[in-house]
4 protein chains.
Amino acid sequence: MASKCTMVLDTDVGTDDAVALLMALSQPSVDLIGVTCVHGNTSLDNVLVNTLRVLKLCNRLDVPVYKGTACPLISSNKRTDASFTHGSDGMGGIPDPHPPSRDLIQSEHAVNALIRMANEHPGEISLVAIGPLTNLALATKMDPEFSKKLKELVIMGGNIEGRGNRPGAEFNFFVDPEAAYITLQEYTCPITVVPWDTCVRNGLTWEWYDQWTSTDTVKGHFVRDILKRGMTNARTFYKRHLAPIFDPLTMAVVINRSIVSETKRSPVLVEVKGDVTRGQMVQVDASFVDHPKNGREVDIVLKCDADGIKEMLMKAVE
Amino acid sequence: MASKCTMVLDTDVGTDDAVALLMALSQPSVDLIGVTCVHGNTSLDNVLVNTLRVLKLCNRLDVPVYKGTACPLISSNKRTDASFTHGSDGMGGIPDPHPPSRDLIQSEHAVNALIRMANEHPGEISLVAIGPLTNLALATKMDPEFSKKLKELVIMGGNIEGRGNRPGAEFNFFVDPEAAYITLQEYTCPITVVPWDTCVRNGLTWEWYDQWTSTDTVKGHFVRDILKRGMTNARTFYKRHLAPIFDPLTMAVVINRSIVSETKRSPVLVEVKGDVTRGQMVQVDASFVDHPKNGREVDIVLKCDADGIKEMLMKAVE
Amino acid sequence: MASKCTMVLDTDVGTDDAVALLMALSQPSVDLIGVTCVHGNTSLDNVLVNTLRVLKLCNRLDVPVYKGTACPLISSNKRTDASFTHGSDGMGGIPDPHPPSRDLIQSEHAVNALIRMANEHPGEISLVAIGPLTNLALATKMDPEFSKKLKELVIMGGNIEGRGNRPGAEFNFFVDPEAAYITLQEYTCPITVVPWDTCVRNGLTWEWYDQWTSTDTVKGHFVRDILKRGMTNARTFYKRHLAPIFDPLTMAVVINRSIVSETKRSPVLVEVKGDVTRGQMVQVDASFVDHPKNGREVDIVLKCDADGIKEMLMKAVE
Amino acid sequence: MASKCTMVLDTDVGTDDAVALLMALSQPSVDLIGVTCVHGNTSLDNVLVNTLRVLKLCNRLDVPVYKGTACPLISSNKRTDASFTHGSDGMGGIPDPHPPSRDLIQSEHAVNALIRMANEHPGEISLVAIGPLTNLALATKMDPEFSKKLKELVIMGGNIEGRGNRPGAEFNFFVDPEAAYITLQEYTCPITVVPWDTCVRNGLTWEWYDQWTSTDTVKGHFVRDILKRGMTNARTFYKRHLAPIFDPLTMAVVINRSIVSETKRSPVLVEVKGDVTRGQMVQVDASFVDHPKNGREVDIVLKCDADGIKEMLMKAVE
């Protein structure tokens with residue numbers, strides 16, 4: 001049973017981000033008090049519009065949407081293009097003929113909004129970060145006290161076995177390694193990481209995926225359409241045995257922690273200097289003879305119960 | 001003749017920062033609309049108090065003082081201690097028995113204040129940065145439009161001949177190399193850099209220095225006291241032939257550009273990855289066969305007229 | 001059935017290296033034409049003596065032993081100490097009261113010997129490298145044609161899941177990352193890598209291990225004694241469920257390739273620049289959107305048949 | 001007056017290398033016992049032929065020429081092309097219609113020859129290195145005792161003011177930074193460095209250069225022809241006020257140390273990790289508050305007497 005959750009979502013919507021947002025909005029236990037937008041799967045401008053599209057679909061344009069950062073801390077990072085998976089608009093190439101007005105975006109900066117919300121709800125907020133961590137890094141640099149006022153931080157990002165959807169790293173950490181480094185070093189609240197490897201391993205069967213995306217509702221059609229491009233690639237190009245779910249799995253973990261069946265507590269660091277490992281999350285266990293001393297303990301999700309996730313995904317498209 | 005200047009000073013006061021601030025306050029042409037504080041020569045807490053001390057000395061506690069960032073972007077940077085030069089309090093170890101109240105510090109964050117002031121004075125502000133560039137980097141990440149609203153940015157920092165007061169680099173860039181990198185890459189307003197090498201070469205004679213610090217005024221005594229430690233080190237430990245002036249030279253350049261007798265326009269980059277060159281400012285001239293393409297053109301000050309500087313320094317202690 | 005094998009062993013004997021050498025010497029199919037020594041588990045001087053000790057134990061002092069490099073290419077690499085596992089003498093702290101004379105060591109340098117042997121046996125040599133790859137890197141730099149004259153190169157080293165017995169890396173690659181990089185980039189013969197992860201996963205049961213080290217022969221007592229320290233650590237400190245076998249597993253793969261039940265062909269690179277990933281072997285599959293183009297295809301051993309290994313281990317202590 | 005000198009020249013001939021070689025051969029005080037060739041200004045194959053051409057020109061084909069390394073330690077280093085200065089053949093694009101036979105090249109590897117010669121002439125050899133330091137790095141890795149048997153090592157390479165003929169670095173160190181690092185860290189004999197900056201500053205007047213290259217001798221014509229391309233670039237493209245002499249200045253320093261009028265003794269390191277500073281020589285003086293401890297003391301040549309150099313250059317084309 002999901003317990004009450006005051007949530008702020010930091011996101012780069014993004015096709016699977018959209019599903020995660022639908023999940024949050026479909027759960028009575030979740031009080032989504034704000035969405036902070038960040039570059040990543042697509043441009044910040046697209047992310048803002050995509051977020052509003054999902055909120056409109058759910059008649060939840062009351063949820064405040066904040067504009068955050070448009071590029072990584074080190075902007076000249078070799079960029080990576082996620083349009084192969086997410087389409088050039090970040091929504092699978094499925095335009096909205098009547099997109100919500102950009103006037104709905106709050107004037108307050110996402111980073112300032114994060115700090116303000118944490119002050120208004122001390123110890124209550126579950127901050128769910130499913131894009132590059134640029135906004136989160138800026139929030140702790142602007143206010144070193146910010147993170148201690150959070151209930152928890154849950155991150156979709158990083159990897160635990162050296163590989164990812166980028167060579168040596170996972171996309172969100174790869175896009176802004178310094179931001180990931182800063183966040184994992186400085187945040188003092190409990191941190192849960194749902195790494196790329198876990199998302200791939202805990203995918204859903206393609207049979208179930210086909211059934212789910214056949215749900216004959218407005219939200220069901222929406223999900224079917226935006227995921228089509230990425231999931232076709234996953235099935236044919238990457239030849240995944242299971243339908244990988246990244247941001248939705250992370251959201252499921254936040255909504256109902258009891259679906260998590262195995263975690264690992266480990267000190268971690270983000271590599272920022274490697275040629276092919278830049279952005280890799282590295283576990284730096286104390287058992288090493290020559291281990292770096294400055295790792296930060298996080299809870300890494302390893303396994304989840306598929307039934308719990310499916311139930312939440314079904315509810316999201318009702 | 002100095003032209004009218006709307007100035008914001010970003011500083012880590014610091015003994016020579018204090019002199020630069022005295023200089024700005026002594027010039028009728030300068031309208032100092034704010035001081036934004038940053039870690040560097042000493043802790044942010046010391047910087048705030050030190051700034052207020054100088055303002056009080058000049059009866060200018062009306063100038064708003066803003067609290068900025070307390071550590072570099074990548075906090076775990078190997079820190080460097082400037083207390084050898086600036087004392088543990090950043091003011092040469094000269095305490096104020098009756099320091100100004102910290103209640104005088106504005107509640108608005110320095111980075112937000114920078115953005116707001118630029119919006120209120122578009123195209124007018126000379127931003128003078130004489131500490132690590134952490135606040136400036138955050139300002140452009142928070143608002144990519146920020147820098148285009150400035151009249152100019154003048155930086156004391158970086159080096160042009162591979163050496164500095166840290167191995168391979170100058171202190172301000174060494175302390176936060178990523179911030180220096182971001183600032184030089186992203187700021188679109190005209191940038192003038194007063195590098196370490198120029199400051200050392202354009203020092204003042206020790207005779208003149210002794211005469212200046214013998215000025216029998218309250219400000220003269222103050223300057224004599226706070227500089228004593230650092231200048232004694234410069235004279236005996238580093239065996240400098242001239243009294244180096246870093247932040248004051250930079251301030252002099254802003255107040256009266258005509259004292260500059262030689263500059264060089266060059267594309268520059270900040271090295272962020274080197275083992276011993278981290279923080280080095282590198283000139284990447286287009287004449288190289290294999291030159292990096294992403295340097296940012298800045299005006300580097302090479303030589304200044306000593307008489308002009310001396311006049312401003314004298315006025316600062318009247 | 002093992003086919004005939006002309007072998008050169010490059011090794012940093014080392015406790016498990018000693019077992020691998022015993023295995024090679026016990027197989028009629030193996031013609032061991034030379035042992036080239038390298039720093040690693042212990043100092044080069046210890047490695048030379050340890051190699052001679054094993055040869056003497058087998059009455060095989062006719063096998064030529066060559067002295068190679070005493071330190072990594074970049075000597076000032078932060079060193080790592082393997083004495084926790086191998087003892088200060090590299091043989092588990094078990095001295096030989098009558099060690100063989102160092103006069104038995106060839107005067108020819110190991111690197112020159114490697115090149116000469118390849119010229120004398122073109123296309124025939126299986127080069128088995130179970131220490132840091134410093135000698136191998138020098139051989140290809142001294143003679144770019146060297147590696148094409150080998151039949152194959154089999155390496156114990158590297159990792160495939162981002163972790164190792166050093167943070168982010170495996171010991172042999174960690175000790176000399178540049179040498180590993182050079183070897184994997186430049187060797188043109190077929191390369192098989194037996195990574196750390198595979199060795200840990202394909203360990204033997206502790207029951208079998210205890211039985212094996214109870215073999216009541218001179219060689220059985222020797223093996224029992226030298227492995228005691230490391231295996232006790234593996235069992236109690238690292239809490240391994242299986243007795244890990246690194247160099248012996250690699251030797252088993254060379255002696256009888258048919259024990260390998262699963263391999264993976266993948267382009268790989270060695271990270272040389274990371275802060276915590278220096279020395280990591282990274283798989284750079286072509287399926288990545290932004291993959292580095294310069295990976296080198298190798299065969300990575302994933303699974304082996306335990307019975308085949310056990311048979312060879314038993315034969316080694318007869 | 002030049003004292004007797006037993007010399008080994010390690011070179012990547014190269015137009016100015018050719019002049020340096022002419023200088024050595026024209027001095028009775030110099031006993032050139034070998035030339036070891038290395039990639040650099042042009043391919044190793046070109047270097048070998050170019051070396052033989054110069055020896056033939058001087059009727060000194062008795063001097064043994066050794067083939068060394070054809071690429072840097074880390075071969076995949078972003079290569080840099082020196083053909084703008086040296087032509088595609090490394091000799092200014094001036095072919096020899098009847099080049100000496102490649103059969104004249106010794107079969108012994110350059111690195112082994114270096115080690116052997118040092119053993120045969122302990123404490124006597126001046127090793128003059130005017131190309132990338134790949135051979136020298138291999139020599140000390142192959143035999144850690146090698147360098148202590150040298151009288152001295154004189155290097156043309158590195159820079160002292162952060163800039164060079166490559167961004168942040170000088171060509172020879174830029175081409176193989178790891179080799180430069182290893183050489184400066186491990187060589188125990190006295191080391192003299194003639195850096196790029198010194199060579200540029202101690203150039204000759206163009207008037208004198210024109211006069212020198214008008215010398216009406218076979219060698220004079222040769223020098224005029226091979227230098228034409230590079231010197232025209234120096235004069236027009238790089239707009240140098242003086243004709244820069246790199247390898248010849250270094251050779252002059254070895255032949256007659258008394259032409260050196262100013263040197264500086266400083267611990268130095270080579271940066272191997274920087275993005276734009278890779279290959280930079282960095283001075284790490286002990287006076288720094290946070291200085292790296294592992295610099296290696298070398299004598300850096302700063303100023304030379306032009307008349308002494310001119311005399312040797314004139315003699316070289318007699």
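In strand S7 of chain D, D:Val193 is the bridge partner of D:Ile155, in a model that is predicted. The pairing to which this bridge belongs joins strand S6 (residues 152-156) to strand S7 (residues 191-194) of chain D over four bridges in the parallel sense. Helix H11 (residues 247-255) of chain D packs on the sheet, where it touches strand S1 (5-11), strand S2 (30-37), strand S5 (125-129), S6, S7, S8 and S10 of that chain, and its direction makes about 160 degrees with that of S6(D). Helix H7 (residues 177-186) of chain D also lies across strands of this chain, namely strand S8 (260-270) and strand S10 (296-304), and runs at about 110 degrees to S8(D).

The strands of chain D form an open sheet of 10 members with mixed pairing, arranged in the order S4-S3-S2-S1-S5-S6-S7-S10-S8-S9. Its edge strands are S4 (105-109) and S9 (281-283) of chain D, each of which pairs on one side only. On average, and with direction ignored, neighbouring strands of this sheet are turned by 35 degrees against each other.

In chain B, an open sheet of 10 strands likewise has mixed pairing and the order S4-S3-S2-S1-S5-S6-S7-S10-S8-S9. Because strand S4 (105-109) and strand S9 (281-283) of chain B stand at the edges with a single partner strand each, one side of each is left without a neighbour in the sheet. From one strand to the next, the twist of the chain B sheet averages 35 degrees. The partner of the edge strand S4(B) is strand S3 (residues 65-67) of chain B, to which S4(B) is joined in parallel by two bridges, and within this pair B:Lys67 stands opposite B:His109.

The helices that lie across the strands of chain B include H7 (residues 177-186), which crosses strand S8 (260-270) and strand S10 (296-304) and runs at about 110 degrees to S8(B). Helix H11 (residues 247-255) of chain B lies across strand S1 (5-11), strand S2 (30-37), strand S5 (125-129), strand S6 (152-156), strand S7 (191-194), S8 and S10 of the chain, running at about 160 degrees to S6(B).

In chain A, strand S6 (residues 152-156) has parallel partners in S5 (residues 125-129), through four bridges, and in S7 (residues 191-194), again through four bridges. On the S5 side, A:Ser126 stands opposite A:Glu152 of S6(A), whereas on the S7 side A:Leu153 of S6(A) faces A:Ile191 as its opposite residue. Strand S6(A) is mostly covered, with four of its five residues buried. Together with S5(A) and helix H5 (residues 134-142) of chain A, S6(A) makes a right-handed β-α-β unit.

The largest nonpolar core holds 215 residues, and the members that touch the most others are A:Met23, A:Leu114, A:Val253, B:Met23, B:Leu114 and B:Val253. When neighbours within four places in sequence are left aside, B:Leu114 is in contact with B:Val8, B:Thr36, B:Asn135, B:Ala139 and B:Phe146. Apart from this core lies another, of 214 residues, which includes C:Leu114, C:Ala243, D:Ile255 and D:Ile300. With regard to the chains themselves, B and C do not touch, their nearest C-alpha atoms being 9 Å apart, and chains A and D likewise do not touch, with 9 Å between their nearest C-alpha atoms.

Two loop positions were also examined. C:Pro100 is found in the loop between helix H3 (83-86) and strand S4 (105-109) of chain C, and C:Pro100 counts as partly exposed because it has 19 C-beta neighbours inside 10 Å, where 20 or more would make a residue buried. Beyond its neighbours within four places in sequence, C:Pro100 is in contact with C:Leu52, C:Arg53, C:Lys56 and C:Leu61. C:Leu48 lies 52 residues from C:Pro100 in sequence, while the C-alpha atoms of the two are 10.0 Å apart in space.

B:Asp62 is located in the loop between helix H2 (44-57) and S3 of chain B, and this residue is exposed, as 8 other C-beta atoms lie within 10 Å. Between B:Asp62 and B:Gly34 the separation is 28 residues in sequence and 9.5 Å in space, C-alpha to C-alpha.

As to confidence, the model scores ipTM 0.94 and pTM 0.95. The mean pLDDT of chain A is 94, and 96% of the residues of this chain reach 70 or more.

Methods
Residues numbered from 1 in each chain as written. Chains lettered and ligands numbered in written order. Predicted model: local features only at pLDDT ≥ 70, side-chain atom pairs only at ≥ 80, totals over all residues. Buried ≥ 20, exposed ≤ 12 C-beta atoms within 10 Å, placed from the backbone. Pairing = 2+ DSSP bridges. Right-handed = clockwise from strand over helix to strand, strands pointing away. Contact = placed C-beta atoms within 7 Å. Axes fitted to C-alpha atoms, helices over the stretch in contact; angles between N-to-C directions. Core = buried A, V, L, I, M, F, W, Y, C linked by C-beta atoms within 7 Å. pLDDT = per-residue confidence, 0-100.
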